[in-house]
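Here is a short tour of side-chain contacts in a protein chain. Keep the 3D view open and look up each residue as you read.

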Amino acid sequence: MKFRTPMWMTVCLFAVIAIPVWTAAQNNQENKAQPGHRPYTGGVGPRHQNSAHAVEGNINDSNRDVRYTVTEVGVVPGEQSSFLPVVGSVDNSGAVAGYSFNGACCPNDFYLTAVAFSWEHGVLQPLPLLSGWPGAFAFGLNNNKLVFGVANNLDNLGNIVQTPVLWNQGSPTNLGIPAGYSSADAFGINDRGQVVGTAYSDTAYNPFVWYKGQTTQLPLLPDAIDGYAQGINDQGEIVGYVDFGSSAPPGTGEFHSVLWVPKGETYFVLDLGGLGGFCSGADHVNNAGQVVGFSCDAAGNLYAYLWTGGPLQNLGTLPGGTFSEADWNNQKGQILGDGDRADGNVVDFVWQNGIMTDLNDLVPVGTPLLDGSPGGINERGQIAATAFQPDGSAIAFLLTPVH
């Protein structure tokens with residue numbers, strides 16, 4: 001993403017995660033990062049790199065319990081790779097949205113030549129560009145086939161600029177960069193067509209909602225200095241995090257998971273708390289108001305969580321793993337996320353009924369390693385995912401439950 005990333009890491013692999021990534025190496029809280037802008041690709045940060053380990057097949061092939069068929073999405077003609085971002089790439093009919101690209105992230109030509117697409121029933125359709133914006137990423141879609149994402153361009157200093165885009169029946173609309181900001185991202189959409197994201201200036205980043213031509217800035221908790229909107233449900237409830245900088249409330253961390261609840265024409269912002277450490281961020285909220293995300297404990301360890309109205313529920317890690325993050329949840333109680341496993345590789349997982357399972361153990365033998373880039377899970381349990389190859393190329397998949 002692009003962002004100001006206070007003590008979070010956002011260096012590119014193929015992408016930078018939509019949510020900040022905490023690492024144990026960043027425990028020194030005196031190391032405050034300054035506001036900055038890094039273009040968002042809808043993907044994952046360096047903690048998802050597997051450079052220290054061969055990206056081999058799965059470690060439990062002999063114990064495999066195949067529960068999903070795997071369908072390759074394909075690539076826009078003339079491109080080499082396809083990527084399904086982590087902010088809602090699949091709708092309830094099994095349609096997906098993403099982008100194709102050549103080369104690797106993140107030189108300028110990566111942003112300026114990427115092609116957004118939608119895919120349904122085996123047909124991949126490139127999406128048109130905004131006039132004057134040479135590249136685009138599609139990040140996801142709602143159940144009415146509205147696709148959201150960003151268009152990419154250069155400013156007069158050669159820096160990447162992004163603006164939120166909504167494609168309706170293939171036609172793009174520029175949602176616009178809020179006044180006073182230099183760039184903006186879109187991170188989520190609901191079935192009403194409300195889009196949430198974050199706008200950036202040289203000194204701040206703040207959360208916004210775009211809807212029917214209007215742009216509304218979301219309020220922050222008292223004394224918070226910045227905020228980030230990550231997802232929205234059909235009731236208009238929005239999740240993300242706020243940043244207190246060096247003025248966090250006593251006994252709490254700098255980053256707090258929050259839930260914005262509509263209240264007339266405004267929003268009430270609720271602090272969801274954390275697991276006792278420096279960081280907490282909310283990634284998605286389903287239509288039941290259940291929130292998933294990540295939080296650090298007092299030792300700086302990062303864990304996926306589920307919030308259902310009380311204290312955060314720590315979802316733990318995969319066997320032998322050291323961290324996890326929950327990226328998406330549906331109404332059935334299924335949670336999609338990513339974390340490391342005993343061999344050191346970072347992989348996608350699905351959590352249900354208290355059990356976290358490596359997604360690679362649930363797909364047919366020969367499926368490329370689903371390495372920490374989940375794209376979303378719909379109400380049918382279908383999952384959008386991306387696998388990265390040793391040469392840096394990416395393959396996008398739709399996983400469908402076997403019944």
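Let us begin with a charged pair: Arg341 and Asp358 form a salt bridge, and their closest N and O atoms are 2.7 Å apart. This contact links distant parts of the chain, with the two positions 17 residues apart in numbering terms: Arg341 sits in the loop between strand E23 (335-340) and strand E24 (346-352), while Asp358 belongs to strand E25 (residues 355-358). Please keep in mind that this is a predicted model.

Is Arg341 buried or exposed? Its relative accessibility is 3%, and because buried means under 20%, Arg341 counts as buried. Asp358 has a relative accessible area of 6%, so this residue is buried too.

**More salt bridges**

Arg341 also forms a salt bridge with Asp343, where the closest N and O atoms are 2.9 Å apart. Both of these residues, Asp343 and Arg341, are buried.

How many salt bridges does the structure hold? There are five. One of them joins Arg67 and Asp65, with 2.8 Å between the closest N and O atoms. Here the surroundings are described by another word: Arg67, at 44% relative accessibility, counts as partly exposed. Asp65 is partly exposed as well, with a relative accessible area of 36%.

The three salt bridges with distances given above can be set side by side:

| Salt bridge | Closest N and O atoms |
|---|---|
| Arg341 and Asp358 | 2.7 Å |
| Arg341 and Asp343 | 2.9 Å |
| Arg67 and Asp65 | 2.8 Å |

**Aromatic rings**

Now turn to the rings. A pair of aromatic rings is described by the distance of the centres and the angle of the planes. The count in this structure comes to 21 aromatic pairs. Among them is the pair of Tyr228 and Tyr241, with 5.2 Å from centre to centre and 15° between the planes. Why is this pair called stacked? Planes under 30 degrees apart count as stacked, so the 15° of this pair fits that description.

Tyr228 lies in strand E14 (residues 226-232) and Tyr241 in strand E15 (residues 238-243), so their contact ties together parts that are 13 residues apart in sequence. Both Tyr228 and Tyr241 are buried.

Tyr241 also pairs with Phe255, and that pair is edge-to-face: the centres are 5.8 Å apart and the planes make an angle of 75°. Again the contact links distant parts of the chain, from Tyr241 in strand E15 to Phe255 in strand E16 (residues 255-263), 14 residues apart. Tyr241 has a relative accessible area of 1% and is buried. Phe255, at 2% relative accessibility, counts as buried too.

A ring can also have a charged partner. Look for Arg192, which lies over the face of Tyr211, at 5.7 Å from the ring centre.

**Two residues with positive phi**

Finally, have a look at the backbone in two loops. Gln169 is not a glycine, although its phi is positive, about 55°. Where does Gln169 lie? You will find Gln169 in the loop between strand E8 (160-168) and strand E9 (171-174). With 80% relative accessibility, Gln169 counts as exposed.

Asn353, also a residue other than glycine, has a positive phi near 55°. Its place is the loop between E24 and E25. At 70% relative accessibility, Asn353 counts as exposed.

Note on methods: Residues numbered from 1 in each chain as written. Heavy atoms only, no water. Phe/Tyr/Trp six-rings, centres within 6.5 Å; stacked < 30°, edge-to-face > 60°. Helix = DSSP H or I, 4+ residues; strand = E, 2+ residues; numbered from the N terminus. Buried < 20%, exposed > 50% of the residue type's maximum accessible area, 1.4 Å probe, protein only. Lys NZ or Arg CZ within 6 Å of the ring centre and 35° of its normal. Salt bridge = Lys/Arg side-chain N within 4 Å of Asp/Glu carboxyl O.
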